[in-house]
Amino acid sequence: MDNFWRVILRGGGCTHGETYIDKPDTDRPIWWAHGGKLYGKSQKKINFLYDLLHDNGFDWVKPQATSGPTWELAVGSTPDEKKWLVYFGDNQPEFELFSFLPKGKKYSAKLINAWNETIEDFDGEITSDQKFHLPRKPYQAMLLTEE
C-alpha cells in the first residue's frame with residue numbers, strides 16, 4: 001500500500017504483482033498468472049487510493065515537490081494544480097510547512113489515514129508560508145483544495 005501511494009504521486013505506474021502460494025503442493029494457480037480471488041487487505045487499500053484520486057479529478061497526477069526540503073514526501077497535483085495530494089508515509093511530523101505550494105494561494109484540507117482508509121476535515125487553512133500542526137500517525141496524507 002505504501003509503495004502505491006509513493007509511486008503514483010510521483011508520477012509512476014505500478015501493479016500489485018507480488019503473490020504468494022499459501023499452501024504447499026496446492027493446485028490453485030498463481031493469481032498474477034491466471035487471475036482468481038485475491039486474499040488479504042492490500043487490494044482494498046489500493047482501491048481506496050484509486051477512488052480518492054478518481055473522485056477528486058486526478059485524471060493524471062502531476063508530480064510535485066521532487067527535490068529540496070520536502071523530498072521525503074510524495075506529492076502530486078491535478079494538472080490544473082487546484083488539488084494536491086501529499087503523502088507522509090511512515091514519517092510522522094508534528095509540524096509541517098508546504099513551501100512547494102504556489103505562493104499566495106490558500107487551501108482547505110482533508111486529513112487522510114491511508115491505512116485505516118478514513119478521511120476527515122482538517123481544521124485550518126494551508127498556505128506555502130505557514131507551518132501547521134499534525135497528529136503524529138504513520139501513513140497519513142492530506143488532500144488540499146484551492147479556495
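**Group meeting: a helix-and-sheet model**

Residues 24 or more positions apart account for 63% of the contacts in this protein with a separation of 6 or more. I begin with that value, and I should add at once that the model before you is predicted. The protein has 147 residues, of which 36% count as buried.

Let me start with the inventory. There are three helices and eight strands. From the N terminus on, the order of elements is α-α-α-β-β-β-β-β-β-β-β.

I turn to the sheet. Six strands form an open sheet in the order β1-β2-β3-β8-β5-β6, and the pairing is antiparallel. Its edge strands are β1, residues 62-64, and β6, residues 118-126, each of which pairs on one side only. On average, neighbouring strands of this sheet are turned by 25° against each other, with direction ignored.

At the β1 edge, the partner is β2, residues 74-77, and three bridges join these two antiparallel strands. Within this pair, proline 63 stands opposite glycine 76 in β2. The loop between β1 and β2 contains serine 67. Is serine 67 buried or exposed? Its relative accessibility is 55%, so serine 67 counts as exposed. From serine 67 to phenylalanine 100 the C-alpha distance is 9.6 Å, with the two residues 33 apart in sequence.

Towards the other edge we come to β5. Seven bridges join β5 to β8, and the two strands run antiparallel. Here lysine 110 stands opposite leucine 143 in β8. β5 also pairs with β6, again in the antiparallel sense, over six bridges. Two opposed pairs can be pointed out there: isoleucine 112 has isoleucine 119 in β6 as its bridge partner, and asparagine 113 stands opposite threonine 118 in β6. The two strands form a hairpin with four residues between them, and glutamate 117 in the turn has a positive phi of about 60°. As for burial, five of the seven residues of β5 are buried, so this strand is largely enclosed by the rest of the structure.

Now to the helices, and to α1 in particular. Helix α1, residues 2-9, lies across β1, β2, β3, β5 and β8, and runs at about 140° to β3. Which residues of α1 are buried? They are Phe4, Trp5, Arg6, Ile8 and Leu9. These buried residues pack against α3 as well as against β1, β2, β3, β5 and β8. After α1 comes glycine 11, whose phi is positive, near 95°.

The packing of α1 against α3 deserves a closer description. Two packed helices are described by the angle between their axes and the distance between the axes. For α1 and α3, the latter spanning residues 42-55, the axes come within 9 Å and cross at roughly 30°. Angles under 35 degrees count as roughly parallel, and α1 and α3 are therefore roughly parallel to each other. The crossing of α1 past α3 is right-handed.

What residues meet at this contact? On the α1 side they are Phe4, Trp5 and Ile8; on the α3 side they are Ile46, Phe48, Leu49, Leu52 and Leu53. By class, the contact comprises eight nonpolar residues, with no polar and no charged ones. Phe4, Trp5 and Ile8 thus appear in two places in this account: they are among the buried residues of α1, and they meet residues of α3.

Finally, some backbone details in the loops. Glutamate 81 lies in the loop between β2 and β3. Its phi is near 60°, a positive value in a residue other than glycine. With 22% relative accessibility, glutamate 81 counts as partly exposed. Tyrosine 139, in turn, is found in the loop between β7, residues 132-133, and β8. Tyrosine 139 is not a glycine either, yet its phi is positive, at about 60°. At 26% relative accessibility, tyrosine 139 counts as partly exposed.

To close, I return to the overall picture. The model has an open, antiparallel sheet of six strands, with α1 lying across five strands that include β3 and β8. The axes of α1 and α3 come within 9 Å, and the residues of their contact are nonpolar by class.

Conventions:
Residues numbered from 1 in each chain as written. Predicted model: local features only at pLDDT ≥ 70, side-chain atom pairs only at ≥ 80, totals over all residues. Heavy atoms only, no water. Pairing = 2+ DSSP bridges. Axes fitted to C-alpha atoms, helices over the stretch in contact; angles between N-to-C directions. Contact = heavy atoms within 4.5 Å. Parallel < 35°, antiparallel > 145°, perpendicular 65-115°, else oblique. Left-handed = near helix turned anticlockwise from the far one by under 90°. Nonpolar A, V, L, I, M, F, W, Y, C, P; charged D, E, K, R; others polar. Buried < 20%, exposed > 50% of the residue type's maximum accessible area, 1.4 Å probe, protein only.
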